[in-house]
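Biologist: Please take a close look at one part of this model, the aromatic rings. I would like to know how they pair and where they sit.

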Amino acid sequence: MSNEFPLRKIIHVDMDAFYASVEQLDNPDLRQKPVAVGGNELRGVVSAASYEARKFGVRSAMSGVLAKKKCPDLIFVKPRFDRYKEISKQIRSIFYDYTDLVEPLSLDEAYLDVTVNKKGNPSATLIAKEIRDRILQETGLNASAGISINKFIAKVASDINKPNGQKTVNPEEVQTFLEELEIRKFYGVGKVTAEKMYGLGIFTGKDLKGKSLAFLEEHFGKSGSYYFHVVRGIHNSPVKPHRIPKSVGAERTFNENLSSEIFMLERLEHIASELEKRLQKSKIAGKTVTLKIKYSDFTLNTRSKTLPYFISDKKLILETAKELLYQDKLQNSVRLLGISLANLNTEKKEPTKEDKESVSVQLKFEF
């Protein structure tokens, strides 16, 4: 392991089946039972599945119809995002007792940089254990964690001993860990990319490491450089406490498919109102409006328009969304509509290499 790049002590904390676990926590009748949050047996999409449901192959983003086929006893529960946000806030307050360098990825997971921490504890492993114990004591929920020298490895490691476990990859273990890792377990390698890699004879980290940068860029474009570096344990992205959103959106899935544009315009007005509220709450405006259309056969279509000025007003958002709706003929009846705003006034230029703070740490340091 070279010491040419900063070695940090990074923890990735990931709640176990968060939404489903909250539902089981609040409703004892659901405990030890297969639970799906979101969707139902007729339509909709599963947002989260309990571990009891996962044993049957039920997964998030799966249609409710398929989930019910896989698990006939599946219990569908409506999501309660206010409750999830409430508990997420409790969990984050625990993180801040240890470090201010907290980068939330979603309500149920976050990166923590504990290289220097408020407890003065040199062991990231012990900090992760203490955080998980506190989450359980204070919320009644289980969390898993990954601990290593950068965000990529910590994220991968947090999956290794799930649920309710943790995995530390020490600096001297990084190369072996990555070489032995199945390619589909690399963060950033999805199902389609994994299949492509299999076709190129890449099944493990060791296989990936054997490919040149030129080869990977030829087959995977810009992602090739990412794969080339992460398999060597190089991922210099720091934990960013204030993650700036690249887009803000709102969408709705309908109980019945819509085939009339008149009904769609009515729904778009509600969606534009919701988006306006979110933008005003965050004091954000943007230039690029994107209309998202999901058809009854689940095919997805997006249409975008970039304006010469920033907008956050419902009227202007809706006007642009209407224009995009009429831009092309609809291919089928519609099950979901969404509007998002990108090219935001919050976007900043990437810092130069000189701007990035380096953390100088010896290779052999306690984890």
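Modeller: What follows describes the ring pairs around one tyrosine, then a cluster and two charges over rings.

This is a predicted model, where local features need pLDDT of at least 70, side-chain atom pairs count only at pLDDT 80 or more, and totals for chains, interfaces and linings use all residues. Residues are numbered from 1 along each chain as its sequence is written, and side-chain values use heavy atoms, with hydrogens and water left out.

The structure holds 10 aromatic pairs (ring centres of Phe, Tyr or Trp, for Trp its six-membered ring, within 6.5 Å; planes under 30 degrees apart are stacked, over 60 edge-to-face, the rest tilted). One of them joins Tyr19 and Phe81 edge-to-face, with 5.6 Å between centres and 90° between planes. Tyr19 belongs to helix H1 (residues 18-26) and Phe81 to helix H4 (residues 81-95), 62 residues apart; helices are DSSP runs of H or I with at least four residues, numbered from the N terminus. Tyr19 has 19% relative accessibility and so counts as buried, while Phe81, at 36%, counts as partly exposed (buried is under 20% relative accessible area, exposed over 50%, partly exposed in between, with a 1.4 Å probe and protein chains only).

Tyr19 also pairs with Tyr84: the centres are 4.4 Å apart and the planes at 10°, so this pair is stacked. Because Tyr84 lies in helix H4 and Tyr19 in helix H1, the pair ties together parts 65 residues apart in sequence. Both Tyr19 and Tyr84 are buried.

Elsewhere, Phe152, Phe186, Phe220, Tyr226 and Tyr227 make up one aromatic cluster. Over the ring of Phe220 sits the charged end of Lys196, 4.9 Å from the ring centre (NZ of Lys or CZ of Arg within 6 Å of the centre and within 35 degrees of the ring normal). The charged end of Lys211 sits over the ring of Phe215, 4.9 Å from its centre.

How values were computed: Helix = DSSP H or I, 4+ residues; strand = E, 2+ residues; numbered from the N terminus.
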